[in-house]
Every structure is written in C-alpha cells, then in structure tokens.
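Trainee: I should like to learn how the surroundings of a bound ligand are read from a model. Where should one begin?

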Amino acid sequence: MTENQQLEIVRENAKRIKYEVSEAAVKYGRTPDDVRIMAVTKTVPAMLVNAAIEEGFSLLGENRAQELCAKYDEYSQNAEIHFIGRLQTNKVKYITDKISMIQSVDSIKLAREISKHAQKHGKTMPVLVEINAAMEQSKGGINRAALTEFLCELAQIPFIKVEGLMTIPPADADELETEKFFSQLYGSFLDTREQKIDNINMYTLSMGMSSDYKSAIKHGSTLVRIGSALFGLRK
Ligand SMILES: *Cc1c(COP(=O)(O)O)cnc(C)c1O
C-alpha cells in the first residue's frame, strides 16, 4: 500500500468513528460532546497519527514511554497526549513534560513518583485510577473493592489530582461479560462521586476500545480509546 492510500484509509476511518460515536451517544441518551475520542498510537507511524489529528482526533493515547519520546517531535503541535500504558516508576521522568494526563495509576509508589516529577515541572498532573475489572494477573490496575481506600491514600499526595477511572476489559471476554464490567465500573464511578472524597474528582470514565466502544458509551463512558479501528490492525 502506498503512503497516500494509508493516509486515505485513516481519514475515512476517522470520519466513520466520529460519526458512529455520535450516533451511539444519541442512541443511549447522551450528547455527542459527552464522549471524547482518543487515538491510540502504539506502533503507528507519526505521519498517520498526524492525519488523525487533522481529522479532529486531538487527543492521543501513548502506551510506551520510549515510543512516545521517539515520536513526540514528529507529532503535530495541536495534539494533547495522555499516557495509558503500564508505567514503570523509572520512566516517569521522561514523559512528565509531554503529557497532560496519566490514565494508568495503580500504585501509591507510582503516584508518588508522578508527584515528584510534576512538582519539578511546576505542574499538577491529572491522573485516572486504572481498575482491573476481571482481576487478571497479567494486567495492571487495582481491584474495584480496594478503590475507596486507594483514593483516600492518593488524596494525600500533592501535585497529582485524581479525575476519574480507566479500565481495559479482558480481551477474551464476550459481549455480555464486557458489558457487565462496563456497568460495574460505571457504578463505582457514580458511587465514588457520591462519596465526595477531598481532592478526588470523577469527571472522566475512560473505557471502550475498537471492538466495544458502543457498549462502553451505553454504560457511561466519557472517553473511548480507539487504536485498530482507526489505524488498522497492529503487526
Ligand atoms: C491498545 C490499547 C487501546 C486500543 O485498542 P484497540 O482495540 O486497537 O482499539 C486502548 N487502550 C489501551 C490501554 C491500549 O493499550
């Protein structure tokens, strides 16, 4: 495939996804503006990412610190970047100045490291707490049952501010199971909001990927993270 053909496919996918996200929002009684769309860029060349940005995907999701640093200078200036992958504490220092949110916070140790580097850069870093919906060993995230306690600890840490929750359902879950995880997480999101813990806000519920974003929108997602439906299957 030529570069131009690849660009054309990404542009068409981008238009279709925007349309389908709006359509799903309306169908489930939400407004299209309630649901932000993120372009997930892992393994995707910057040129294709920039085509998505031009189509209005102004929010990028990065999984790997090294890949982010390698591609960062090639991205169009109009993009905002969130970190969504598993983050080792020793990598935090490389990304703090490049991103506006870390969605994958699941330990106090990581939160403290983010706090330290945010302070160095004179900023307060918005973060989401990652929930491990199915308690999979292989994945990051905390258990839903431990959420309140975890939030109370995070609330004590300066230079970070908790703004919501993120989850990745198991890849092998069927549609019904996935819906169950989404609806449980929406429950936790609403409960936490009710609890009104100091320094903890629940603005963002980040859930839904290429194969399940409509169901996530049905269950209250405010941010869907789209990779392969936008850029094609990863190698
Ligand atoms: C890769 C990835 C996505 C996007 O997955 P697709 O199924 O390709 O849309 C979303 N969120 C996270 C955390 C990811 O790692």
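**Reading the ligand site**

Mentor: One may begin with a single polar contact. In this predicted model, an oxygen atom of the ligand lies 2.5 Å from an N or O atom in the side chain of Ser210.

Trainee: Which polar backbone atom is 2.8 Å from an oxygen atom of the ligand?

Mentor: A polar contact may come from the backbone or from a side chain, and each case should be named. Here a polar backbone atom of Ser228 is 2.8 Å from an oxygen atom of the ligand. Arg234 contributes through its side chain, where a polar atom lies 2.8 Å from an oxygen atom of the ligand.

Trainee: How much of the ligand does the protein bury?

Mentor: This is read by taking the ligand alone and then with its cover. Alone, the ligand exposes 390 Å², of which the protein buries 89%.

Trainee: Which residues are around the ligand?

Mentor: The general idea is to list the residues of the shell, here those with a heavy atom within 4 Å of the ligand. They include the contact residues Ser210, Ser228 and Arg234, and also Val40, Lys42, Asn63, Ile84, Ile168, Met209, Arg225, Ile226 and Gly227. By class, this shell has 5 nonpolar, 4 polar and 3 charged residues.

Trainee: Where does the ligand sit?

Mentor: One compares the ligand with the open spaces of the protein. In this model the ligand sits in the largest pocket, which holds about 270 Å³ of space. The pocket is lined by 16 residues, and Lys42, Ile168, Met209, Arg225 and Arg234 are the closest to its centre. Each of these five also belongs to the residues around the ligand.

Trainee: How does the lining of the largest pocket divide by class?

Mentor: A lining is classified residue by residue, as a shell is. For the largest pocket, the count is 7 nonpolar, 5 polar and 4 charged residues.

Trainee: How many cavities of 30 Å³ or more does the structure hold?

Mentor: A cavity is a space from which the probe cannot get out, whereas a pocket is open. The structure holds 1 cavity of 30 Å³ or more, and the space in the largest cavity is about 30 Å³. Its lining consists of Ile131, Ala133, Arg144, Thr167, Phe181, Gln184 and Leu185.

Trainee: Which helix gives the most to the lining of the largest cavity?

Mentor: Helix H7, residues 175–195, gives the most, with 3 residues. By class, the cavity lining comprises 4 nonpolar, 2 polar and 1 charged.

Note on methods:
Residues are numbered from 1 along each chain as its sequence is written. This is a predicted model: local features need pLDDT of at least 70, side-chain atom pairs count only at pLDDT 80 or more; totals for chains, interfaces and linings use all residues. Side-chain values use heavy atoms; hydrogens and water are left out. On a 1 Å grid over the protein atoms alone, a cavity is a set of points where a 1.4 Å probe fits but cannot get out, and a pocket is an open set with protein on both sides within 12 Å along at least five of seven lines; lining residues have an atom within 4 Å of a point. Grid points are joined across faces, edges and corners, and a volume is the space filled by probe spheres set on the points. Ala, Val, Leu, Ile, Met, Phe, Trp, Tyr, Cys and Pro count as nonpolar, Asp, Glu, Lys and Arg as charged, and the others, Gly among them, as polar. A polar contact is a pair of N or O atoms within 3.5 Å; within protein, one must be able to donate a hydrogen and the other to accept it, and residues adjacent in sequence count only if both atoms are side-chain atoms. Accessible areas come from the Shrake-Rupley method with a 1.4 Å probe; for residues, only the protein chains shown count as cover. A molecule sits in a cavity or pocket if more than half of its atoms lie within 2 Å of its grid points. Helices (H or I, at least four residues) and strands (E, at least two) are DSSP runs, numbered from the N terminus.
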